[in-house]
Amino acid sequence: MSRLDSMIRRLKAQRAMLDLARDRLVDVPGVVFELGLGNGRTYDHLRENMSDREIFVFERKIAAHPTCIPDDDHLYFGELLETLSGAVEKHKGNVALVHADIGGPVPEHCARMT
């Protein structure tokens, strides 16, 4: 399978799962945690399809399209292992969904997150 086909398959599956989560969480109150902003595609999808929820994004290096960057009140900027614990404590009992799209094609970078 080509890398392009692999990416298309992954993105279609990701969208389907996010839409399923949205539908199943309709009666569950709470915020959304987006772990990893990347270029902002998933964040953009979440804010369009879960517009009734606050979405908090965790990112260590902003590289997203300017229209897909959350405001400062909804961005936890820094290393995930350092920012997540404070956010979990602050939103304890009020997180409906955690979506993690972290890592990448370099195994050494991914190993730090496990």
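**Cores, a helix face and an aromatic cluster**

Leaving aside residues up to four places away in sequence, V32 touches L46, M50, R53, E54, I55, F56 and L97. This contact list comes from a predicted model. V32 also belongs to the largest nonpolar core, which has 13 residues. Within that core, V32, L46, I55, V57 and L97 touch the most other members. Two helices and a strand stand out as suppliers: α1 (3-24), α2 (41-49) and β2 (55-59) each give at least two residues to this core. A second core is separate from it and has eight residues, among them F33, Y76, L80 and A87.

Helix α3 spans residues 80-90, and its buried residues are L80, T83 and A87. They lie on the same side of α3, because they cover an arc of only 80° around the axis. In general, an α-helix has 3.6 residues a turn, so residues three or four places apart point the same way. The face of α3 turned away from the buried side looks quite unlike it in exposure: L81, E82, S85 and E89 are exposed there. The cover over the buried residues of α3 includes the strands β1 (31-35), β2 and β3 (75-77).

The aromatic side chains come next. A search of the whole structure finds four aromatic pairs. One of them joins F33 and F56. Their ring centres are 6.4 Å apart, with 85° between the planes, and the pair is edge-to-face. F33 lies in strand β1 and F56 in strand β2, so this pair ties together parts that are 23 residues apart in sequence. Both partners are shielded by the burial criterion: F33 is buried, at a relative accessible area of 2%, and F56 is buried, at 4% relative accessibility.

F58 and Y76 make a pair of another geometry. Their ring centres are 4.7 Å apart and their planes meet at 5°, so the pair is stacked. F58 sits in strand β2 and Y76 in strand β3, so the pair links parts 18 residues apart in sequence. F58 is buried, with 3% relative accessibility. Y76 has a relative accessible area of 17% and also counts as buried, since the cut-off for burial is under 20%. Together, F33, F56, F58 and Y76 form one aromatic cluster. Two residues of this cluster, F33 and Y76, are also included in the second core.

Notes:
Residues numbered from 1 in each chain as written. Predicted model: local features only at pLDDT ≥ 70, side-chain atom pairs only at ≥ 80, totals over all residues. Heavy atoms only, no water. Core = buried A, V, L, I, M, F, W, Y, C linked by side-chain atoms within 4.5 Å. Buried < 20%, exposed > 50% of the residue type's maximum accessible area, 1.4 Å probe, protein only. Helix = DSSP H or I, 4+ residues; strand = E, 2+ residues; numbered from the N terminus. Contact = heavy atoms within 4.5 Å. Arc of directions from axis to C-beta. Phe/Tyr/Trp six-rings, centres within 6.5 Å; stacked < 30°, edge-to-face > 60°.
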